[in-house]
Structure formats: structure tokens, C-alpha cells
Amino acid sequence: MSLRASRKIKFVDADILVIGGGFGGCGAAYESRYWGRDLKIVVAEKAHIDRSGAVAHGLSAINCYMGMQWGENQPEDFVRYARGDLMGLVREDLIYDIARHVDSTVHKFEEWGLPIMKNPETGRYLREGKWQIMIHGESYKPIVAEAAKKSADVYNRIMVTHLLMDATRPNRVAGAVGFSVRDGTFYVFRAKAVINAAGGASHVFRPRSVGEGMGRTWYAPWSSASAYALLLEAGAKMIQLENRIVLARFKDGYGPVGAWFLLLKTFVTNAYGERFEASWMDEIRSMVGKYADVTPLPTCLRNHALLQEVKAGKGPILMHTQEALDTKEKEDIGWEDFLDMTIGQAVVWASQNIDPKETPSELITSEPYVMGSHATCSGAWASGPEDCAPADYQWGYNRMTTVEGLFGAGDTIGGSAHKFSSGSFTEGRIAGKAAVKYVRDHAGTPPQVDEQQVERLRHAIYQPMDTFELGRNEIVAGSVAPGYISPLHGLQRLEKIMDEYVGGVSMFYVTSEPLLNRGLELLHMLKEDLDYLGADSLHQLQRAWELHHRVLTAEAVTRHTLFRQETRWPGYYYRADHPKLVDPDWHVFTSSQYDPQANEWQMTKLPVHHIIS
Ligand code: SFD
Ligand code: AMP
């Protein structure tokens, strides 16, 4: 009997359980309450909903807004844009569905108190670019969280570790379990429907920032792949996990570039003052054909040009902020861009004596991230909207995964790139509405949790604390422990494997079949050692389970990358053994399904349907 498993147990019954109170989760809670006034809606959040998730620190732009009431854009245009950026491979039904509803989400944010910048000449929202608008967004997250808090019972500081399945129907979700990272209480959530909105993943690949700086990444360091691992272990079908994203960012602080390129019209050169993108176009065309002529140039191809320039020794690449900040207004926007969303970048300026009005700043490509809401679309294979999804894209309820009663939103859902904060919240709303309908339609057949599964998990979850209790007796020289592996050591081992074998920064994003196969062997050995994780505190226990989630997700990324025998997104990763894009064979989604009992993976292709001309 585990020492720690004798702690308190708390059962929480819900009609709808939302895992993760980020943008997708807040949208799901809000909309579930709207359609399900009489239902019990519960949010389980591993941090505190007021400042959790990727938007914890705030943002300075909303990157998905149509402006339909002013005739600025139509949903069809947005589908074309996202499709072009992802080089043809997106779920057009899901993207269209978000685009047609996203404006109403943004209007709600403004009504709830989010200050959105206005264009003084038109009175409309100030456009950063065609799809983006500028906000004073330091408090974006608490403002949006308030709506969720009013809609649901929020359980903060609960790390969800596993989903529960119905006792008699193996493909029907029944809830989830986790533990309080504050007092260790074991939580059993029994729910009729579950919406997984647990966000994307940083720290799957080794970051450029290492040592004491390793907490500085572009995507939040606490984005720990639960969205994917929870689904994989439940046997849900996943897609496009090879579509990891690499971002061009201000060096060392990871400051985003959108406001600079699009609003401030800042330009980039190599160290010799040359604007280089055009010079790589012939080479790009030879690799990806017609996708090189998409406007704007796809994000991955912009990366590719930058990378080629760096490899040719023409770095550092410079963003000429000093040319853009020629008025006080622009200077204010430049600083606020970072102070609202990436304070670390403003700190880099201060610490390196960089006055952006005087001196250009270095740009560089980041390590890869796994996510579904930026210029990338890794995630779950989900049922689409009833009115416009092709027949093989729908099986009942919008945003339901292939597991009965299990929905997703935001980074969780695959195939629908470019949703960002507003689109993730919107997708949460869509999933919430569908989950309410699911609960009502299935009122007569509620799931039953499998008591044995709960008991098994109660023991497994606290095991790292017991392992530490025993292993600590053998500690030598401070923290050297022959008897267990610490979550940090496990994480560093994972990052090294992914970096060196699966296309991280140290390999200039290059991988190949032999490298991927070796990576899988090493991941297998790492997985064996996860049984010996030791946690000296509840905080470390959370880190241990985050590591479990990252490792399983990493394996899925590796298997997808091996399965797709082409280089579709040069600049995100390169299959050196398949350097070109191969549309006749690979104009498809890659799909995986994991069987945890047998520890087997099934890889397949799924069709890409174009529904917008
Ligand atoms: O400039 C568990 N994003 C941007 N979106 C925009 O609209 N505009 C921008 O300007 C954006 N930029 C940007 C962005 C993100 C970051 C980090 C930076 C800059 C520096 C992207 C959006 O933030 C992103 O698209 C959405 O937030 C995605 O929403 P969602 O819901 O999929 O993820 P989340 O918000 O991180 O929430 C996840 C929640 O789950 C919790 N959680 N809870 C319980 N148990 C577990 N096991 C859990 N695992 C996770 C998390 O704590 C979190 O609350 S720019 O760069 O493009
Ligand atoms: P980022 O700051 O890089 O996350 O980008 C914010 C938004 O601007 C996203 O919608 C990007 O796709 C878009 N964006 C960034 N840079 C460019 C560029 N050079 N051309 C077109 N769109 C861009």
C-alpha cells in the first residue's frame, strides 16, 4: 500500500468536466453554462485560472478576428489563408466554423472589459494585420477567466493525470483523476462529458535557453502536453503531430514578431544589410512547388529563408526596429508589445543596453513546439460541424474526439490552425454547446467509473513520492541518487533525444528514418525509467506527471514524423531522406492511435477534403 495513497480522496460529480482553464477551457465553461443552465459544470485547472495557460502574462494582440460587421473579411477568406499557410493540409470545416463565430467572442471580451485599441481615423479596432487586432492585453487572462468563474465550479491547483473510462464501454469517457498540488488530495471527477482543453507543449524539444534560463521559452514553460497525452492514453485518434512549429523570434527573450512585421512595418536584413527572402525563392520553389507562391509566404517558408541565411554565415539576422520607431506612438506600441506579452524581451533590451530606437535586434528561430492553435495544427481528430463537415469528418457531436463523450478545444484539436486566443475560446464555446447536447441526448445512459481503474491510478499517481522516500537514503553528494530519476533529469534526457534525433535546433531541424528509429529506441528506454521517477514534494510530483505527458507526446511526434515520408514544411523540420514535398502521396493527414494496453501504435492516412474553393 502506497504511503501517499492513504491521503484524502475527494469525489466530484459533474455533468461536464472541463480539463484546463485556459482559453479553450474558459470558452467551454462559459458556453456550457449558457446552454446548460441546470447542469453542473466543473473546471479542473492545474494552476490558478486567473493567471494560467499560455496567456498567463497577457498578450498584445488578438490574432484571429474577421471584422465581418465592417466587411473586412469573410470566413471563407480565412480558410484560404490558414490553408495556404499550412501548405494545403487543414480541416477546412473546423476553421470555417471558428471563423464564422470568432467575432462574437471578441465582442464579448470587449464587453467584459478588455481594452481593444481603436483606429482613430475609422473608429474600428486597430488592425495589426489582415487578421490581427491590437489590445492593451496585460490583464487579458483574468478578464476572460472571470466569465468562466461565473459559469462553473473551478477547482484550481488540480493536476489532471489520467482520464477515466466507463466500466463497461471501453470507448466511453467517464471522468478524470488528478491530485491537488497544494495538499495532495486525490481527486476523482465523475462526468457525463469531458472537454479536454489542457493546452499545447513546450519543453518537448530542448530549448535554446538552457541552464538557469531554461524556463524562458516562447510558448509557456508550463504548457506540458497533457492535451495530447490524456487523449492518447484514452485511445483517441490524433492527427498532424509531426507538424511541430518553429517560430522566428527576437533572440533570447522570444519576443513575437507579428506587430513588428505587420503593424510597424519593420524590415529584416542579414548582417550585411541585405534583404534576403527573395533570394531564396527559387530554391524554395524547387522544394515545395506551387506552395511557394502563396501570399503571404507560409510561416515555415519564411523560417526556411532565415535559416538558410544563418547557415550561409550571414547572421546575425537583424530586425531594424530603429527604422520603425520614428514616432512616440510607434515607440510606445513597440515597448507595450513586449511588456503586455513577453516581458522577458523588454528585459533583454534593458539588460543588453539596447534602445530599440537606436539599435536593431537579433532574430532567430526557436526550438519546436507541439500545439494546435498557432501556424500549426497538431491535435485530436474531431467531429466537425453538422452543417458543413463532409460525411467522413463527422460522427455526431461537434469537436467530439473519436472517444465517446470526450471533446476538445484550442491546442487540443488538430487540423485547425490559426485559431490563437480568440479562436481557442471560440472552439471551447463550440465544444461546450455540443457537450451539453451530448449530455442531454445520453441522459438515460450515464457512464459508470471503473472502481478498479480508480484504485489502480490512486496508487500509480503517488508512486514517485514513495520512490523518493526509499531512494533518498542512497543519495550521495547532495542530489546524486542512484535509486531514482528526478523529473528534471528525465526532462533533460527527453529534450536531448528529441533535439538530436527528431529535428531540434542543434540539428538545424533535420531528421531522417535512421535518426527517428534511434530516437524511438532511446525514448523506449526513457519510458522504462519513468517507473523510477522520484518526487520529493507535491510540486515535483506535478513535474513527474508533466514529464509522463511530454514523453508520450514526444513519442507520437516521432512516430508521425517517421510515417510522413516527405518534407512538407521546410523551416519546421526536414526529412533529409525525403527532402521534397510529395503531393500525390501526401496530400493527407497523418493519423495515430495508441493502444495503451498492448503498447501499440496504429498509423494511418486520413483524407484532406477541400470545401472552400
Ligand atoms: O504573438 C491543465 N498566443 C497568441 N494568441 C493571440 O491571439 N495573440 C497573440 O499575440 C498570441 N501570441 C502569443 C500566444 C501565446 C504565447 C505564450 C505568447 C504569445 C508568448 C497563443 C494563445 O495564447 C493560444 O493560442 C491559446 O492560449 C491556446 O488556448 P488553449 O486553451 O489551447 O491553451 P491554454 O490557454 O494554454 O490553456 C491550457 C490550460 O490547461 C491547464 N492545464 N489543467 C489541469 N490538468 C492538467 N494536466 C493540465 N495541463 C494544462 C493550463 O494550466 C492552462 O490553464 S503571438 O506569439 O502569436
Ligand atoms: P507572431 O508574432 O509571429 O506570433 O505573429 C502574430 C501574427 O502575425 C500571426 O497571425 C502570424 O501568422 C502573423 N505574422 C507574423 N509575421 C508575419 C509576416 N512576416 N507576414 C505575414 N504574417 C505574419
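In the predicted model, the side chain of Asn63 places a polar atom 3.1 Å from an oxygen atom of ligand 1. Two further contacts to ligand oxygen atoms come from the backbone: an N or O atom of Asp411 lies at 2.7 Å, and an N or O atom of Phe420 lies at 3.5 Å. The ligand taken alone exposes 1100 Å², of which the protein buries 98%. Two or more residues of the surrounding shell are supplied by each of helix H1 (23-35), strand E3 (59-62), strand E6 (158-165) and helix H12 (420-441).

The shell around ligand 1 comprises 36 residues, of which Gly24, Glu45, Ala61, Ser373 and Ser421 come nearest. Sorted by class, this shell contains 17 nonpolar, 15 polar and four charged residues. Residues of the shell are drawn both from domain 1 (9-59 + 138-199 + 371-441) and from domain 2 (248-365), so ligand 1 lies between the two domains.

An open sheet is formed by four strands in the order E10-E13-E12-E11, with antiparallel pairing. Its edges are occupied by strand E10 (248-250) and strand E11 (268-269); each has a single partner strand, so one side of each is left without a neighbour in the sheet. Within the sheet, strand E12 (residues 317-319) and strand E13 (residues 361-365) run antiparallel and are joined by three bridges. Met319 stands opposite Ser361 of E13.

Terms used:
Residues are numbered from 1 along each chain as its sequence is written. Chains are lettered from A and ligands numbered from 1 in the order in which they are written. This is a predicted model: local features need pLDDT of at least 70, side-chain atom pairs count only at pLDDT 80 or more; totals for chains, interfaces and linings use all residues. Side-chain values use heavy atoms; hydrogens and water are left out. A residue is near a molecule or strand if one of its heavy atoms lies within 4 Å of it. A polar contact is a pair of N or O atoms within 3.5 Å; within protein, one must be able to donate a hydrogen and the other to accept it, and residues adjacent in sequence count only if both atoms are side-chain atoms. Accessible areas come from the Shrake-Rupley method with a 1.4 Å probe; for residues, only the protein chains shown count as cover. Ala, Val, Leu, Ile, Met, Phe, Trp, Tyr, Cys and Pro count as nonpolar, Asp, Glu, Lys and Arg as charged, and the others, Gly among them, as polar. Domain bounds come from an automatic or database domain assignment. Two strands pair if DSSP finds at least two bridges between them.
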